[in-house]
Amino acid sequence: MKRRIGFSTGALAYGDFKRGVELQDREGVSAIELSALRANELDGAIESLPLLNNPRFKYRSFHAPSAFEGMSDFDVAEKLKPVAELGIPIVVHPDTIIDFEPWKTLGDLVLIENMDSRKSCCRTADEMLGCFDQLPHARFCFDIGHAREVDSTMGVAIELLSIFKSRLAEIHLSEVDWTCHHIPISTSAALAFQRLARRIPEDVPVIIESVIDSDSIDAELKMAERCLEPNSDLLKTTTRVAPALSRTPAQ
């Protein structure tokens with residue numbers, strides 16, 4: 001089975017959903033995530049759901065806001081019902097949830113993502129257990145860049161994949177720099193990610209969150225694919241160095 005892979009619309013076009021989708025109508029893309037990372041983007045993103053009706057996209061997901069900015073959990077879960085009615089998985093940052101009850105109504109369409117070191121919870125497997133206790137039907141979105149940012153030895157990443165293997169539903173892939181920004185994948189990050197390749201089944205879709213310009217889409221796509229090929233010789237195929245700082249907002 002060929003792995004389904006594509007980008008977050010936010011990584012390619014910030015809040016311009018139409019452009020974020022159009023840029024992915026190309027060879028090699030078979031998955032997409034419509035990202036409403038900022039609360040004021042939520043209504044527009046939901047109105048843009050028909051943009052995903054492209055047969056190229058074999059897998060579609062939706063990213064809920066990373067801060068609710070005055071909305072309650074009930075408010076957000078209610079707004080997301082049209083997404084759930086289409087059967088589209090919804091990625092949620094667990095640190096945003098105060099009241100778990102409204103999220104239970106979305107069942108296994110809720111994907112809980114592991115966090116980076118800026119957050120005070122859900123960075124490690126132990127920290128995520130409590131969240132899954134509250135949402136027993138939720139599944140797992142593994143952000144490999146977050147896990148490496150928390151622990152560069154990849155021990156945290158291996159533990160997350162081991163404990164939540166049966167819940168694994170989606171991968172978020174990018175390098176995360178020391179300021180927790182999502183940046184293009186460097187060779188050193190790719191080598192670390194490749195250590196996990198055999199632990200990630202090929203039927204689990206991958207969403208790339210590297211913030212890049214449109215000219216870099218094909219190269220980043222190939223880099224992401226190589227990261228998840230256990231036998232790919234990354235040192236022969238490419239050498240990329242991470243920049244010291246990112247210019248774009250963290251996700």
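## Reading the barrel

Two strands count as paired if DSSP finds at least two bridges between them. In this predicted model, pairing of that kind closes a barrel of 8 strands. The order is β1-β2-β3-β4-β5-β6-β7-β10, and the pairing is parallel. On average, neighbouring strands of this sheet are turned by 30° against each other, direction ignored.

A helix lies against the sheet. Helix α7, residues 125–134, packs on it and touches β5 (110–113) and β6 (139–143). The direction of α7 makes about 160° with that of β5.

## Strand β7 and its neighbours

Where does the chain of strands run through β7? On one side, 4 bridges join β6 to β7, and the two run parallel. Phe142 stands opposite Ile171 in β7. On the other side, 3 bridges join β7 (residues 168–173) to β10 (residues 206–208). These two strands also run parallel.

Ile171 has a bridge partner in β10 too: Val206. Next comes His172, which stands opposite Ile207 in β10. How many residues of β7 are buried? The count is 6 of the 6, so the strand is largely enclosed by the rest of the structure.

## The whole protein

The protein has 12 helices and 10 strands. Its C-alpha atoms fill a box of roughly 50 × 40 × 35 Å, taken along the principal axes. What radius of gyration would a compact globule with 251 residues have? The value would be near 18 Å; the protein has 17 Å, which agrees.

Buried residues make up 55% of the 251 residues. The accessible surface comes to about 10800 Å². Carbon and sulfur atoms hold 50% of that surface. Contacts reach along the sequence as well. Among those between residues at least 6 apart, 75% join residues at least 24 apart.

## Salt bridges

How many salt bridges are there? The count comes to 11. Three of them are described here, including one between two helices.

The side chains of Asp43 and Lys79 meet in a salt bridge, at 2.9 Å from N to O. Asp43 lies in helix α3 (residues 42–47) and Lys79 in helix α4 (residues 73–79), so the pair ties together parts that are 36 residues apart in sequence. Asp43 is partly exposed, at 40% relative accessibility. Lys79 is partly exposed as well, at 30%.

## Within one helix, and a buried partner

Lys104 and Glu101 form another salt bridge, with 2.7 Å from N to O. Both lie in helix α6 (residues 101–104). They stand 3 residues apart, about one turn of the helix. Lys104 counts as partly exposed at 37% relative accessibility. Glu101 has a relative accessible area of 49% and is partly exposed.

The side chains of Glu41 and Arg38 also meet in a salt bridge, at 2.7 Å from N to O. Is Glu41 buried or exposed? Glu41 has 9% relative accessibility, so it counts as buried; the cut-off is under 20%. Arg38 has a relative accessible area of 21%, so it is partly exposed.

Note on methods. Residues are numbered from 1 along each chain as its sequence is written. This is a predicted model: local features need pLDDT of at least 70, side-chain atom pairs count only at pLDDT 80 or more; totals for chains, interfaces and linings use all residues. Side-chain values use heavy atoms; hydrogens and water are left out. A salt bridge is a side-chain nitrogen of Lys or Arg within 4 Å of a carboxyl oxygen of Asp or Glu. Buried means under 20% relative accessible area, exposed over 50%, partly exposed in between (1.4 Å probe, protein chains only). Axes are lines fitted to C-alpha atoms, for helices over the stretch in contact, and angles run from 0 to 180 degrees between N-to-C directions. Contact means heavy atoms within 4.5 Å. The radius of gyration is taken over C-alpha atoms; the globule rule is 2.2 Å times the number of residues to the power 0.38. Accessible areas come from the Shrake-Rupley method with a 1.4 Å probe; for residues, only the protein chains shown count as cover.
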